[in-house]
Amino acid sequence: MDIRQNPLWLSVPVGTYFQTDVRVSILFPLLALLFCANLGLQLGLLVTGLLFVALIFHEFGHIFAARRTGGSGHEILIWPLGGLASVTPAPNFYSEFWTVLSGPLANLVICLCCLPAMLGSPQFWDCFSLLALPAVSLQTNLPQALLLLTFSINFKLLVLNLLPIYPLDGGQMAYHIAKLSWERQTAKSGTLWVGMVLCILLTLAGAFLKSIDLILLASFLMMLGMHEHFATQISRTLDDSFMGYDFSQGYTSLEGRTDREPRQPGFFERWRLQRARKKQEKEHLLRVETEQRVDELLDKVHQSGMNSLTDAERRFLQRASDRYRSHGKE
């Protein structure tokens, strides 16, 4: 099935920022409806907007860290259950670990920026609750309400993503650390088992606290963990059949071997692979169009001289020259 036909990934573009395409799932408005139903129209829309901004900062943290450490990142998808950054870290522990960690660090920076202005608030300690938002009044003190809600939302995202439950950021960091001591498949299996045990504990905590939100969250994370666990087991089986080939390094078939198919990418991997392919196609098309336009302008220069070019055409040639020069250095 083409991933573009999967309703979970249907999205609309909202712009390109810092060379990164940002898209929003068509299902994201459902989250706004849920907040409005529970918090009221005004507060519900405000919380949705603040959560959206927090998720954008979080995902750009992944993007910038990947680029800074030798990898790449080119797209962000915001959907009802959080955000997804299409990133490819450099193949080393430093890049992999910091690419993951920088998402929660972005939320931590926002919390620290809000902290000084809200220290004297009577709702200060309520902001540290993981299960509820602080009681704020939008009519009497809107600026303080914004600070309290911004801190609370980013603090919740920070704590949630640091939980060592795969595929949360904490689970991915635990996996990269485990790979330093164990082989890839063993590290992944151990990380997934730890995550599932924690999901069970979270479910029990939700039942004890009578929190349906915590129970649903733990159940969803367990479902993702079980999906990844089954994919890992299939990969291990294929790994044994193919004399130790590590399929987690890629999904192309072995040279000269056509009797078996390689492991299919997982749920999130399919999305990242699809987005990477679309970006490559877009860049190829842009390069072809640029080369055609450059050829036309150079032909014009050859026939009529540089003075025949307009200012816009000169700027285009300069940008094209800079672009090719930067690609040549990579």
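Start by selecting Leu 10, Val 12, Val 14, Tyr 17, Phe 18, Ile 26 and Phe 64: together they make a nonpolar patch on the surface, with about 630 Å² of accessible area. Keep in mind that what you have open is a predicted model.

Which element gives the patch its largest share? That's strand 1, which supplies three of the residues. One to click on is Val 14, which lies in strand 1. Val 14 has 37% relative accessibility, so it counts as partly exposed; the cut-offs are under 20% for buried and over 50% for exposed.

**Next stop: the sheet**

Now switch to a cartoon view and select residues 11–17 and 82–88. These are strand 1 and strand 4, the edge strands, and each of them pairs on one side only. They belong to an open sheet of four strands, in the order 1-2-3-4, with mixed pairing. Look along the sheet and you can follow the twist, which averages 20 degrees from one strand to the next. If you're wondering what holds such a thing together, strands of a sheet pair through backbone hydrogen bonds, either parallel or antiparallel.

Add residues 72–79 to your selection: that's strand 3. How many bridges join strand 3 to strand 4? There are seven, and the two strands run antiparallel. For a close-up, pick Trp 79 and find Gly 82 of strand 4 standing opposite.

**Then: a salt bridge**

Show the side chains of Lys 179 and Glu 96. They meet in a salt bridge, 3.1 Å from N to O, and the structure holds just this one. Where do the two partners sit along the chain? Lys 179 is in the loop between helix 5 (169–178) and helix 6 (184–209), while Glu 96 is in helix 3 (residues 93–118). They are 83 residues apart, so to speak a link between distant parts of the chain.

Are these two charged partners buried or exposed? Lys 179 has 18% relative accessibility and therefore counts as buried. Glu 96, at 16%, counts as buried too.

**Last stop: zoom out**

Select the whole protein chain and colour it by secondary structure. You'll find nine helices and four strands. Trace the chain from its start and the pattern reads β-β-α-α-β-β-α-α-α-α-α-α-α. Of its 330 residues, 40% count as buried. Turn on the surface, and you're looking at about 18900 Å² of accessible area, 63% of which belongs to carbon and sulfur atoms. Finally, take the contacts between residues at least 6 apart in sequence: 57% of them join residues at least 24 apart.

Definitions and conventions:
Residues are numbered from 1 along each chain as its sequence is written. This is a predicted model: local features need pLDDT of at least 70, side-chain atom pairs count only at pLDDT 80 or more; totals for chains, interfaces and linings use all residues. Side-chain values use heavy atoms; hydrogens and water are left out. Buried means under 20% relative accessible area, exposed over 50%, partly exposed in between (1.4 Å probe, protein chains only). Contact means heavy atoms within 4.5 Å. Accessible areas come from the Shrake-Rupley method with a 1.4 Å probe; for residues, only the protein chains shown count as cover. Two strands pair if DSSP finds at least two bridges between them. Axes are lines fitted to C-alpha atoms, for helices over the stretch in contact, and angles run from 0 to 180 degrees between N-to-C directions. Patches are made of residues with over 30% relative accessible area and no salt bridge: like charges are joined within 9 Å, nonpolar side chains (Val, Leu, Ile, Met, Phe, Trp, Tyr) within 5 Å. A salt bridge is a side-chain nitrogen of Lys or Arg within 4 Å of a carboxyl oxygen of Asp or Glu.
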